[in-house]
Amino acid sequence: MKDYCLKVAYNREVIGGVYEMKLIFGEKVPEIKCGQFLHLKAGGEYLLRRPFCIYKFDSESVTVIYAVVGGGTRKIAQFKKGDSVCAVLPIGNGFTLSENHRKVVLLGGGIGCAPLLTVPVSYPNCEYYSYLGFSDKSMIMFASDFKKFGKTEVCTDNGSFGRAGYVTDVLRTDINKIKPDVILTCGPTPMLKAAARLSAETKIPAYMSGETRMGCGVGACLVCACAVKEKNGEIVNKRACVDGPVFNLEDILL
Ligand SMILES: Cc1cc2nc3c(=O)[nH]c(=O)nc-3n(C[C@H](O)[C@H](O)[C@H](O)COP(=O)(O)OP(=O)(O)OC[C@H]3O[C@@H](n4cnc5c(N)ncnc54)[C@H](O)[C@@H]3O)c2cc1C
Ligand code: FES
């Protein structure tokens with residue numbers, strides 16, 4: 001990981017309050033693994049950097065998708081084409097698939113779908129089934145991106161588009177047909193809890209990318225501590241920034 005000076009290629013609103021920003025490297029691009037994130041300087045009075053998952057990357061750029069939820073993201077939303085921004089990257093352990101993981105379910109909730117899109121890019125030889133959940137059809141994003149990599153089910157909580165109901169419930173009805181080797185997930189905590197129950201019932205391993213509050217982003221401040229159960233049953237604190245953000249859903253205490 002290193003602090004880079006990047007140039008904004010674009011920073012545009014894609015749906016209400018959600019922005020996509022592409023950043024161009026002016027130097028050698030670091031090796032990026034699926035599920036890693038960057039820590040971006042908002043500037044001004046915002047001393048702490050803000051963490052965002054890497055949603056797309058290539059030989060010259062990284063792209064993030066972010067929701068404007070507070071002062072820092074409001075400031076970032078004002079970045080214009082050509083502006084220079086500072087970001088530390090790539091950070092975190094990311095998603096790892098083993099040789100036994102041939103059939104992979106990508107289970108995303110809202111903006112949490114973003115980091116999952118890098119998985120088929122890093123592991124192009126697996127078979128992918130994507131389940132993407134949104135509250136309403138006006139919030140749907142990413143569907144065409146995921147369709148390029150395999151069967152994709154779009155679900156809305158209120159039934160306004162696609163399959164109706166929580167995305168975890170829709171996956172539950174399909175899971176015996178798919179028989180995946182592993183589930184990778186990212187989204188709001190209630191969705192992750194439902195995914196943990198499904199994983200425990202079906203004995204299908206599941207890994208999640210979490211969104212704890214962060215301070216330093218380099219393992220020094222412990223702001224991002226989260227409780228994880230070790231193999232011997234002991235509960236220990238792990239740092240989401242450097243030990244995560246991806247954890248086994250069986251081990252993490254949500
Ligand atoms: C590893 C990681 C990856 C992330 N990836 C993305 C991403 O790809 N896209 C995206 O939109 N957001 C992502 N987030 C969350 C994002 O970092 C926060 O929304 C952002 O830092 C808020 O900054 P702010 O100054 O605008 O809001 P603040 O003023 O700091 O907070 C505004 C509101 O947002 C809540 N909030 C702030 N930070 C978080 C957080 N980390 N998790 C949950 N709620 C939070 C606060 O509780 C508060 O209610 C990620 C977080 C982590 C830890
Ligand atoms: S954010 Fe400081 S240790 Fe993780």
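Here are legends for four close-up views of this predicted model.

**View 1. Two domains side by side.** The domain assignment splits the chain into domain 1 (2-91) and domain 2 (103-248). Their C-alpha centres lie 22 Å apart. Where the two meet, 20 residues from domain 1 and 18 residues from domain 2 take part in the contact.

**View 2. The side of domain 1 that touches domain 2.** If you would like to trace this side by element, β1, β3 (37-40), β4, β5 (56-57), β6 and β7 each give two or more residues to it. Sorted by class, this side of domain 1 holds 15 nonpolar, two polar and three charged residues.

**View 3. The shell around ligand 1.** Here 21 residues surround ligand 1, and Cys53, Tyr66, Gly70, Gly72 and Thr73 are the closest. At least two residues of the shell come from each of β4 (50-53), β6 (61-67) and α1 (71-76). For anyone thinking about chemistry, the shell divides into 13 nonpolar, five polar and three charged residues. Because domain 1 (2-91) and domain 2 (103-248) both give residues to this shell, ligand 1 lies between them.

**View 4. Strand β1 and its partners.** Take a look at β1 (residues 2-15), which pairs with β7 (residues 84-91) in the antiparallel sense over six bridges. Along this pairing, Cys5 stands opposite Cys86 in β7. β1 also pairs with β2 (residues 18-25), again antiparallel, over eight bridges. Ile15 has Val18 in β2 as its bridge partner. β1 and β2 form a hairpin with two residues between them, and Gly17 in the turn has a positive phi of about 75°.

Notes
Residues are numbered from 1 along each chain as its sequence is written. Chains are lettered from A and ligands numbered from 1 in the order in which they are written. This is a predicted model: local features need pLDDT of at least 70, side-chain atom pairs count only at pLDDT 80 or more; totals for chains, interfaces and linings use all residues. A residue is near a molecule or strand if its C-beta atom, placed from the backbone, lies within 6 Å of it. Helices (H or I, at least four residues) and strands (E, at least two) are DSSP runs, numbered from the N terminus. Ala, Val, Leu, Ile, Met, Phe, Trp, Tyr, Cys and Pro count as nonpolar, Asp, Glu, Lys and Arg as charged, and the others, Gly among them, as polar. Domain bounds come from an automatic or database domain assignment. Two strands pair if DSSP finds at least two bridges between them. Two residues are in contact if their C-beta atoms, placed from the backbone, lie within 7 Å.
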